[in-house]
Amino acid sequence: MRREEMESRGEDEKMIDAPQINNPKPEEFFNVHHLRIYYGNLFPYTDIHKWLSYGNDGKHPGCDEYYFGRREFSFTLENDVYLRYKSFKTASSMEDAIKSSFPYKIDIGAVYSVDPDKRHAYSQTGTNVFTPVERELVFDIDITDYDDVRYCCSGADVCSKCWPLMTVAIKVIHNSLTEDFGFKHILWVFSGRRGVHCWVCDPKARRMTNEQRSAVAEYFRVYKGNENNARKVALMGYSLHPFLARSYVDFLKGFFEGELQATQSIFSSKDKYEKILEMISDEDIKSELRDKWENSARSSLSEEAISLARWEQLKNTLQSKKHKAPTLRMCVEEIVFTFTYPRIDLEVSKQMNHLLKAPFCVHPKTGRVCVPIDPNNCDEFDPLAVPTLSQLIEEINSGGSRMDVDVDDADDSDTSLLGKPIKFFRSSFLEPLMKSCKEEIESSYKTKIGKSKDSFSW
């Protein structure tokens with residue numbers, strides 16, 4: 001099946017040319033021979049299987065031994081050959097399939113009511129038994145959706161100046177998922193190229209209906225504009241929703257007035273500040289500010305200093321005249337949200353059958369591994385420092401990397417290029433998740449046994 005025949009999918013289904021960082025040749029960051037070595041020696045099969053089994057390992061009488069076998073995987077092979085609805089009974093069968101086909105891309109889908117690989121046999125019964133029953137709540141955020149507010153890069157390109165937009169997105173969404181929704185088991189992953197993915201793995205998240213997922217996604221909807229709308233954010237009412245107020249105070253305002261001004265200088269030129277003036281509904285205020293800024297066009301100040309000064313002028317002007325019109329009440333906040341609030345691909349979050357790229361697979365456009373991101377230290381994450389296939393192979397050849405990442409007690413695991421990401425995945429995400437899953441299985445089993453005993457106590 002070719003890519004044009006694919007069903008709805010997430011962030012990396014858009015075919016955009018790869019960023020030319022130092023103008024590398026394609027074979028320098030991605031080639032089939034290196035991919036074979038990576039999947040043959042470095043991909044953490046056991047960890048992925050543990051994660052997606054959620055404690056259903058067959059070791060407890062309350063386990064669902066067929067759980068992992070009902071999970072959908074999809075492979076994108078060379079020349080965009082696309083294989084969907086693949087499923088595997090065990091970790092070893094998944095490993096064998098990946099090693100034999102070395103997919104350019106691996107996507108993970110939902111857990112279905114029956115084995116996805118045998119769905120056609122069930123369809124012949126005339127009943128619609130093949131349906132998704134569980135799926136992590138996922139979020140997809142792409143830097144290309146910020147092209148109207150970043151001036152250093154565009155398209156799939158990303159650099160240290162615009163990546164902080166992704167960092168702020170992680171902070172805002174992660175804070176809400178934990179504080180507002182009470183989720184605990186959340187995995188953030190670098191997409192390998194231009195964005196981030198979020199997997200919410202708590203039981204109540206995995207068992208949400210599509211309607212519930214849509215409600216959560218809409219909870220985060222603020223940015224509603226498109227390229228034809230000057231005003232892309234409209235904050236209604238006399239005060240911000242508590243989640244938005246917390247995000248504004250804790251993350252967005254400081255980032256906008258600090259790092260974003262320093263790296264993007266969003267008021268420094270006429271082309272840039274005209275976009276912001278269009279967000280102000282009052283024509284008199286727009287004209288007043290425009291006149292001030294045009295008359296100071298020859299200032300000797302730096303772009304950053306000019307941008308900061310104009311921002312202060314805008315805030316002071318709006319503050320002094322906001323009594324003129326109710327629409328000016330939230331104008332400052334709307335500008336900040338327009339530039340900094342997370343731009344989530346909401347459709348990816350709303351449907352259980354959406355696919356999302358697997359952690360630790362390799363992005364075919366950049367050769368970079370899709371490594372986890374620590375949300376508590378996301379300021380330290382550098383997408384351009386993420387290891388590439390060629391770097392990993394070079395490390396293996398030099399004897400600096402263990403050939404078996406599934407060895408849990410590898411003392412030197414955090415000294416290799418993939419060591420720290422895998423160690424973080426295990427210790428900060430997988431181990432707490434497995435502990436919680438086993439407790440849930442044990443509790444459910446005891447409840448089931450208790451009910452069974454009660455039914456005979458007559």
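This passage walks through the predicted model, from its overall make-up to a hairpin, a sheet, some helix contacts and one buried cysteine.

A few ground rules come first. Because this is a predicted model, local features need pLDDT of at least 70 and side-chain atom pairs count only at pLDDT 80 or more, while totals for chains, interfaces and linings use all residues. Residues are numbered from 1 along each chain as its sequence is written, and side-chain values use heavy atoms, with hydrogens and water left out.

The protein has 16 helices and nine strands. These elements are DSSP runs numbered from the N terminus, with helices being H or I runs of at least four residues and strands being E runs of at least two. Of the 458 residues, 52% are buried. Here buried means under 20% relative accessible area, exposed means over 50%, and partly exposed covers what lies in between (1.4 Å probe, protein chains only). Contacts, meaning heavy atoms within 4.5 Å, often reach across the sequence: among those between residues at least 6 apart, 71% join residues at least 24 apart.

Strand E1 (71–76) is a handy place to start looking. This strand is mostly covered, with six of its six residues buried. In a regular strand, side chains alternate between the two faces of the sheet. In E1, Arg-71, Phe-73 and Phe-75 point one way, and Glu-72, Ser-74 and Thr-76 point the other way. E1 also pairs with two other strands, where pairing takes at least two DSSP bridges between the strands. Five bridges join E1 to strand E3 (residues 105–112) in an antiparallel arrangement, and Thr-76 has Lys-105 as its bridge partner in E3. With E2, the pairing is again antiparallel and runs over three bridges; there, Phe-75 sits opposite Leu-83.

E1 and E2 form a hairpin with five residues between them, and that loop holds a couple of oddities. Asn-79 has a positive phi of about 65 degrees although it is not a glycine, and Asp-80 likewise is not a glycine yet has a positive phi of about 60 degrees. Both Asn-79 and Asp-80 belong to the loop between E1 and E2. Asn-79 is exposed, at a relative accessible area of 59%, whereas Asp-80 is partly exposed, at 29%.

Elsewhere, four strands make an open, antiparallel sheet in the order E5-E7-E6-E9. At its edges are strand E5 (137–142) and strand E9 (372–373), each pairing on one side only. Strand E6 (residues 186–190) runs antiparallel to E9 and is joined to it by two bridges. In this pair, Val-189 stands opposite Pro-372 of E9.

Turning to the helices, two packed helices are described by the angle between their axes and the distance between the axes. The axes are lines fitted to C-alpha atoms, for helices over the stretch in contact, with angles running from 0 to 180 degrees between N-to-C directions. Helix H3 (residues 45–53) and helix H4 (residues 91–101) have axes that come within 10 Å and cross at roughly 130 degrees. That makes H3 oblique to H4, since angles under 35 degrees count as roughly parallel, over 145 as roughly antiparallel, 65 to 115 as roughly perpendicular and the rest as oblique. H3 contributes Tyr-45, Ile-48 and His-49 to the contact, and H4 brings Ala-91, Met-94, Glu-95, Ile-98 and Lys-99.

For helix H2 (residues 32–41) and helix H15 (residues 389–397), the axes also come within 10 Å, and they cross at roughly 65 degrees. On the H2 side, His-34, Leu-35, Ile-37 and Tyr-38 meet Leu-389, Ser-390, Leu-392, Ile-393 and Ile-396 of H15.

Helix H10 (residues 270–277) has Lys-272, Tyr-273, Glu-274, Ile-276 and Leu-277 buried. The buried residues of H10 pack against helix H9 (242–264), helix H11 (283–295), helix H12 (303–321) and helix H13 (331–340).

Helix H13 is also home to Cys-331. This cysteine is buried, with a relative accessible area of 1%. Setting aside neighbours within four places in sequence, Cys-331 is in contact with Met-279, Ile-280 and Leu-318. Its C-alpha atom is 10.0 Å from that of Leu-314, a residue 17 places away along the chain.
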